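I opened this notebook to record what I looked up in the structure, entry by entry. The entries concern strand pairing, helix packing, the contact between chains and the confidence scores.

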Amino acid sequence: MPEFVDILNAIVLFSNFVLVPAISYGAQLALGALGITLVYGILRFSNFAHGDMMAFGTMVVILVTWGFQSMGISFGPLPTALLALPFGIMGAVALSLAFDKTVYKFYRTKKSAPVIFVIVSTGVMFMTNAIVRFIIGPSDQRFMDGTKFIFRPREFREFTGLSEGLALKSTQVLTLTVTIMCVAALFYFLQKTRTGKAMRAFSDNKDLALLSGINPDRVVLITWILVAALATTAGTLYGLDKSFKPFTYFMLLLPMFAAAIVGGIGSPIGAVVGGFVIAFSEVIVTYAYKKFFIYLMPESLEPTGLMQFLSTDYKFAVSFIILVVVLLIRPTGIFKGQSI
Amino acid sequence: MSYLVADQLRGGYGGADILNGCSLSVDKGEIAVIVGPNGAGKSTAMKALLGMLNLREGTVTLGGKDITHMSPQDRVGEGIAFVPQTHNVFGGMTVEENLEMGAFLRTDDFTGTMEQVYDLFPILKQKRRQNAGELSGGQRQQVAVGRAMMTQPSVLMLDEPTAGVSPIVMDELFDRILEVKQQGIAVLMVEQNAAQALNIADKGYVLVTGTNKHTGSGEELLADPVVRRTFLGG
């Protein structure tokens with residue numbers, strides 16, 4: 001039997017490398033998936049440009065952050081990027097609305113098939129991607145400032161006397177706090193306000209919504225504003241937590257789509273749950289459990305290998321497999337979104 | 001001159017004309033029923049009144065005002081409410097939210113109207129927190145009519161309100177529609193259950209291939225041997 005302290009060490013180890021990172025990654029995916037699900041539910045297409053919209057909004061945040069930093073403006077212990085976030089959101093809203101007016105509206109008036117919209121959004125994706133790389137370049141950018149850690153592994157070890165350390169980064173706490181606030185605000189908006197209900201009605205039954213006098217242009221406008229705001233927030237939180245790289249943001253499209261579909265596309269609560277499901281699967285499957293088992297197993301049974309199911313290089317395969325399995329077995333997702 | 005008048009309508013969905021000079025009218029506090037065989041253009045005539053059809057000829061007037069070229073949304077604003085045959089509720093929203101959406105264009109306090117709808121359909125008050133998509137067919141129809149009533153319309157148009165509901169529920173729905181009429185609303189409906197619908201109708205139109213074949217009060221049409229034999233099954 002392992003000793004009590006070994007069990008504690010195992011729990012701390014697991015929290016440090018799986019639980020805490022997966023929660024913050026899940027929150028970031030949830031915010032991203034919410035945007036995808038809103039576009040799907042209301043505008044009725046799969047928006048492949050979402051990842052690059054995130055990158056664009058985050059890029060504006062980074063540029064404004066640099067501007068603030070050079071002017072000597074800071075946000076105390078919090079990252080300056082939070083002050084720049086409203087500007088990033090405005091930038092992303094402006095870009096979304098510009099694409100809507102110049103591109104999507106044309107196909108909406110023509111009542112094009114959803115598959116055409118998907119191809120169109122792929123075009124928008126390439127354009128946005130090019131704009132971002134043109135302005136900020138394809139390389140890694142770090143823009144995190146302020147306090148980095150709530151507590152460091154060493155401080156945790158000294159405080160508890162355990163041999164394993166637990167780190168809690170301020171970005172992780174920030175991610176979770178901001179996500180909870182955004183999700184709560186979004187749900188309040190959709191459930192309780194007149195405009196939010198009109199958006200749900202439009203998503204539910206477009207013809208009947210028109211018969212009830214709901215203005216479709218306004219619904220589309222508000223949807224893009226919400227989506228751009230959510231995407232920029234998600235992108236900024238991800239960039240603060242890790243780093244900003246246009247290609248990484250493009251790659252985030254897959255886990256975000258998987259999250260939206262697992263939860264039930266078109267269902268906001270599903271997007272949130274799906275975000276966490278994908279994040280936890282990814283982190284759990286790619287974590288090397290060797291040390292974890294050394295703590296828990298008797299010496300004679302100690303593992304010799306890494307005890308890792310999949311190399312982290314394959315983490316996108318996890319989202320992809322989940323996506324395929326859900327589409328095969330339960331295409332409506334956990335919360336019964338629309339079947340696609 | 002009646003409140004809602006459609007005169008000599010001709011038009012279709014782009015191909016051949018479906019309406020060939022069809023005329024309809026209904027006054028406030030009156031029920032007009034459109035019956036006829038399949039493909040006679042009953043629903044199309046109703047869509048024409050709503051502005052969802054390109055008319056080549058003919059005029060539609062509401063209270064003396066020409067609304068022939070008005071968009072469907074604007075007609076809703078003018079007091080025409082429409083209950084489609086299918087997909088006529090917001091399935092993922094509660095009964096109460098469905099009613100609120102019906103009142104979307106209203107800026108005044110609509111709680112009074114909501115109470116009236118609940119008085120008309122007491123079951124809806126009981127189920128007001130339930131999603132409309134989870135209700136039975138008959139209850140869903142009540143939600144659909146209730147949603148339309150929330151606009152405080154002057155004209156209520158119903159496209160086969162009793163399609164797919166049991167005979168008992170059908171009688172119940174017709175009773176409610178009679179109550180709606182007593183509120184001084186013009187009711188225009190298309191019905192498959194022709195005999196039962198003509199029973200409560202003040203006016204009946206038998207359409208065949210987009211033209212008026214027989215017109216008269218409900219009783220007259222029910223008593224007309226030709227109409228009985230050809231359209232009401234003896």
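**Entry 1: the six-stranded sheet of chain B**

I began with strand E3 (residues 31-35) and strand E9 (residues 203-208) of chain B, which pair in the parallel sense over four bridges. To fix the register, I looked up Val33(B) and found that its bridge partner in E9(B) is Gly204(B). I note here that the model is a predicted one.

I then placed this pair in its sheet. The sheet is open, has six strands in the order E6-E7-E8-E3-E9-E10 (chain B), and its pairing is mixed. Which strands stand at the edges? I found strand E6 (80-83) and strand E10 (211-216) of chain B there; each has a single partner strand, so one side of each lacks a neighbour in the sheet. For the twist, I noted that neighbouring strands of this sheet are turned by 20 degrees against each other on average, with direction ignored.

Next I looked up the helices that pack on this sheet. Helix H1 (residues 42-50) of chain B touches E3, E6, strand E7 (155-159), strand E8 (186-190) and E9 of chain B. The direction of this helix makes about 150 degrees with that of E7(B). Helix H7 (residues 167-182) of chain B also packs on the sheet, where it touches E3, E7 and E8 of chain B. I recorded about 150 degrees between the direction of H7(B) and that of E8(B).

**Entry 2: the four-stranded sheet of chain B**

I turned to the open sheet of four strands, whose order is E2-E1-E4-E5 (chain B) and whose pairing is antiparallel. Strand E2 (19-26) and strand E5 (65-66) of chain B stand at its edges with a single partner strand each, so one side of each is left without a neighbour in the sheet.

How many bridges join strand E1 (residues 4-12) of chain B to E2(B)? I found six, and the two strands run antiparallel. Within this pair, Arg10(B) has Asn20(B) in E2(B) as its bridge partner. I also noted that E1(B) and E2(B) form a hairpin with six residues between them. In the turn, Gly14(B) has a positive phi of about 125 degrees.

At the other edge, I checked strand E4 (residues 54-62) of chain B, which pairs with E5(B) in the antiparallel sense over two bridges. Thr61(B) stands opposite Asp66(B) in E5(B).

**Entry 3: the first helix of chain A**

I looked up helix H1 (residues 4-43) of chain A, which has 40 residues. From its first C-alpha to its last it reaches 55 Å, close to the 58 Å expected at 1.5 Å a residue. I located a kink of about 50 degrees in H1(A), centred on Ser15(A). Just after H1(A), Arg44(A) takes a positive phi of about 65 degrees.

**Entry 4: the contact between the chains**

I recorded 13 residues from chain A and 18 residues from chain B in the contact. On the side of chain A that touches chain B, helix H7 (194-204) and helix H8 (206-211) of chain A are the elements that give two or more residues. H7(A) gives the most, with five residues. By class, the residues of this side divide into six nonpolar, three polar and four charged.

**Entry 5: confidence**

I noted scores of ipTM 0.87 and pTM 0.89 for the model. Chain B has a mean pLDDT of 90, and 100% of its residues reach 70 or more.

Key:
Residues are numbered from 1 along each chain as its sequence is written. Chains are lettered from A and ligands numbered from 1 in the order in which they are written. This is a predicted model: local features need pLDDT of at least 70, side-chain atom pairs count only at pLDDT 80 or more; totals for chains, interfaces and linings use all residues. Two residues are in contact if their C-beta atoms, placed from the backbone, lie within 7 Å. Ala, Val, Leu, Ile, Met, Phe, Trp, Tyr, Cys and Pro count as nonpolar, Asp, Glu, Lys and Arg as charged, and the others, Gly among them, as polar. The expected span of a helix is 1.5 Å times one less than its number of residues. The bend at a residue is the angle between axes fitted to the seven residues ending there and the seven starting there. pLDDT is the predictor's confidence in each residue, from 0 to 100. Two strands pair if DSSP finds at least two bridges between them. Axes are lines fitted to C-alpha atoms, for helices over the stretch in contact, and angles run from 0 to 180 degrees between N-to-C directions.
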